[in-house]
Amino acid sequence: MDQLPKHDIANPALAADGIRRIEWADRCMPVLRQVRERFAEHRPFAGVRIAACMHVTTETANLMRTLHVGGAEIALCASNPLSTQDDVTAALVHEYGISVFARTGVDRDTYYQHINSALDIQPDYVFDDGCDLVNTLHTSRTELLSNIKAGCEETTTGVQRLRQMSQDGALRFPMVAVNDTDTKHMFDNRYGTGQSSMDALMRATNVLFAGRVVVVAGFGFCGQGLAERAAGLGAQVIVTEVDATKALDALMQGYRVMPMRDAAPLGDIFITVTSNSGVLRPEHFELMKDGAILANAGHFDVEVDVVGLEKMAVEKRTGIRHRTDEYVLPSGRRLLLVAEGRLVNLGAAEGHPAAVMDMSFSDQALTAEWLIGSHSDLAPGVHEVPSEIDKEVARLKLAAEGVSIDVLTTEQQAYLSGWQHGS
Ligand SMILES: NC(=O)c1ccc[n+]([C@@H]2O[C@H](COP(=O)([O-])OP(=O)(O)OC[C@H]3O[C@@H](n4cnc5c(N)ncnc54)[C@H](O)[C@@H]3O)[C@@H](O)[C@H]2O)c1
């Protein structure tokens with residue numbers, strides 16, 4: 001490449017590894033591949049600048065390639081200090097000509113410097129995962145706001161923050177809640193988080209799930225996936241919730257349900273996934289067994305009160321296993337914290353399987369294309385993805401899996417649209 005795009009990455013020598021892994025992920029992303037082929041032909045993003053703040057993984061690389069061949073100029077930064085894959089950043093810069101500001105394990109200041117560097121592209125559109133980029137725009141980079149036409153948000157926590165901004169009248173441009181498509185939260189949050197969090201816990205601690213008591217805090221889309229996969233591995237699952245309907249659903253699915261205070265002395269492995277803060281805190285740590293494993297799969301590192309744990313502990317053994325720290329409590333009991341309480345599946349493993357991200361990122365790509373023609377019709381605030389995009393992604397995924405489904409007959413269409421027929 002004659003001239004490299006602007007970047008701050010860890011190690012350019014890793015590019016070959018990154019290319020190999022990005023291409024491997026691409027094999028499991030047939031829907032996004034089809035979208036990319038169409039974008040390459042029609043170039044819907046010609047002349048468009050996009051700043052993206054996302055987990056820098058192989059799947060994200062394939063989304064960036066898709067937007068790039070569609071004509072977009074892109075600057076990518078990380079949405080979590082631990083999730084960046086350094087071989088992927090090297091490949092994006094050196095092979096695919098995409099500007100990247102991300103290195104794994106950076107401190108908070110560098111994390112925000114990288115967001116600012118991505119914003120220096122002066123974006124027309126933004127892609128966010130957790131709302132840190134949009135938040136930065138509205139607090140310290142307000143001079144860029146008037147240029148932003150619209151954006152997409154990838155995760156539950158980000159959508160929650162955006163809705164709050166919108167309610168307070170603070171959000172200055174339209175943001176589309178890609179998280180809320182059926183093809184995203186019903187599959188990515190559930191199957192992706194379920195499988196990849198088990199994978200991360202096994203890689204980090206080598207724990208045997210069979211026979212263990214796994215406590216899942218939060219029975220939303222992600223929590224259901226975690227509970228299903230833990231039970232599938234032979235664990236006994238306890239669910240904690242604050243929502244009565246979700247708790248009842250967990251009970252009906254065969255899990256034990258109780259407050260965290262009661263679950264704390266029983267659990268061998270605890271996983272929080274609530275989008276809330278302080279779900280596991282000192283009053284719970286005090287009750288836990290020696291050797292209990294703590295992890296978080298929710299977006300921010302506030303679900304396990306790590307500050308409280310640090311204060312309580314008489315000793316901390318950092319890196320006792322890969323991405324695992326041990327805290328010794330005054331009683332002598334030891335608690336293991338995986339990935340510093342950050343998103344465990346991205347901090348201690350590779351994140352979701354590519355086959356899942358195929359759907360989420362096809363939703364992202366098609367929503368971005370739709371925004372090019374529609375942003376001026378949208379008021380500042382949080383908007384839904386048009387349902388045709390959601391259905392189209394599901395149809396393409398089924399087709400890629402070689403699965404066909406029934407279609408409504410004319411009689412069925414008439415029956416469903418009428419009200420005259422009774423028993
Ligand atoms: N790890 C990943 O790869 C990944 C993927 C998708 C989403 N996420 C993140 O996971 C989190 C959850 O997402 P979701 O889509 O499942 O959300 P959701 O809204 O469907 O579920 C969250 C659940 O947590 C419950 N809850 C809230 N406070 C609680 C508390 N103190 N104790 C017990 N339960 C509590 C809520 O009642 C709700 O049922 C978000 O932060 C989201 O951004 C992570």
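**Figure 1. D199 and R203 join up within one helix.** In this predicted model, the side chains of D199 and R203 meet in a salt bridge, with 2.9 Å from N to O. General background first: side chains of opposite charge can pair when their charged atoms come close. Where do D199 and R203 lie? Both sit in helix α8 (residues 182-205), and they are four residues apart, which is about one turn of the helix. D199 has a relative accessible area of 25%, so D199 is partly exposed. R203 also counts as partly exposed, because its relative accessibility is 39%.

**Figure 2. E350 and R21 bring together parts that are 329 residues apart in sequence.** Here's another salt bridge: the side chains of E350 and R21 meet at 3.2 Å, N to O. E350 is in the loop between α14 (344-347) and α15, while R21 is in helix α1 (residues 15-27), so this pair ties together parts that are 329 residues apart in sequence. Are these two residues buried, or partly exposed? E350 is partly exposed, with a relative accessible area of 36%, and R21 is partly exposed too, at 22%. Now look back at the helix pair from Figure 1: R21, D87, D199, R203 and E350 are linked in a network of salt bridges.

**Figure 3. R141 and E143 pair up, one buried and one exposed.** The side chains of R141 and E143 meet in a salt bridge of 3.0 Å, N to O. R141 is buried, because its relative accessible area is 14% and the cut-off for buried is under 20%. E143 is exposed instead, with a relative accessible area of 51%, since exposed means over 50%. How many salt bridges does the whole structure hold? The count is 27.

**Figure 4. An open sheet is built from eight strands.** Follow the strands across the sheet and you get the order β10-β9-β8-β11-β12-β15-β14-β13, with mixed pairing. Which strands are at the edges? They are β10 (256-257) and β13 (315-321), and each of them pairs on one side only. A bit of general background: strands of a sheet pair through backbone hydrogen bonds, either parallel or antiparallel. Over at the β10 edge, strand β9 (residues 236-240) pairs with β10 in the parallel sense, over two bridges. One residue pair to look for there is V239 with its bridge partner V257 in β10.

**Figure 5. Strand β11 is covered on both faces.** Strand β11 (residues 269-272) has I269 and I271 on one side and F270 and T272 on the other, and all of these are buried. What does β11 pair with? One partner is strand β8 (residues 213-217), which pairs with β11 in the parallel sense over four bridges. In that pairing, V216 has I271 of β11 as its bridge partner. Another partner is strand β12 (residues 292-296), which runs parallel to β11 and is joined to it by four bridges.

**Figure 6. T272 stands opposite N296.** Zoom in on T272, which is found in strand β11. Across from T272, in β12, stands N296. The side chains of T272 and N296 are also joined by a polar contact of 2.9 Å. T272 counts as buried because its relative accessibility is 0%.

**Figure 7. Four residues make a nonpolar patch on the surface.** L248, L251, M252 and V257 make this patch, which covers about 390 Å². Which element gives the largest share? That's helix α10 (residues 244-252), which supplies three residues. One residue to pick out is L251, which lies in helix α10. L251 counts as partly exposed because its relative accessibility is 49%. You've already met V257: it is the bridge partner of V239 in Figure 4.

**Figure 8. The cysteines form zero disulfides.** For background, a disulfide is a covalent bond between the sulfur atoms of two cysteines. The structure holds zero of them. Take C152, which is in no disulfide: the nearest cysteine sulfur belongs to C131 and is 13 Å away, whereas a disulfide would need the sulfur atoms within 2.5 Å. C152 is buried, with a relative accessible area of 1%. C28, on the other hand, is partly exposed, with a relative accessible area of 34%.

**Figure 9. D377 sits in a loop.** You'll find D377 between α15 (354-374) and β16 (381-383). Is D377 buried or exposed? D377 counts as exposed, because its relative accessibility is 64%. D377 and M288 are 89 residues apart in sequence and 53 Å apart in space, C-alpha to C-alpha.

Technical notes
Residues numbered from 1 in each chain as written. Predicted model: local features only at pLDDT ≥ 70, side-chain atom pairs only at ≥ 80, totals over all residues. Heavy atoms only, no water. Patch = residues over 30% accessible without salt bridge, like charges linked within 9 Å, V, L, I, M, F, W, Y side chains within 5 Å. Areas by Shrake-Rupley, 256 points an atom, 1.4 Å probe, with all protein chains shown as cover. Buried < 20%, exposed > 50% of the residue type's maximum accessible area, 1.4 Å probe, protein only. Pairing = 2+ DSSP bridges. Polar contact = N/O pair within 3.5 Å; in protein donor to acceptor, adjacent residues only side chain to side chain.
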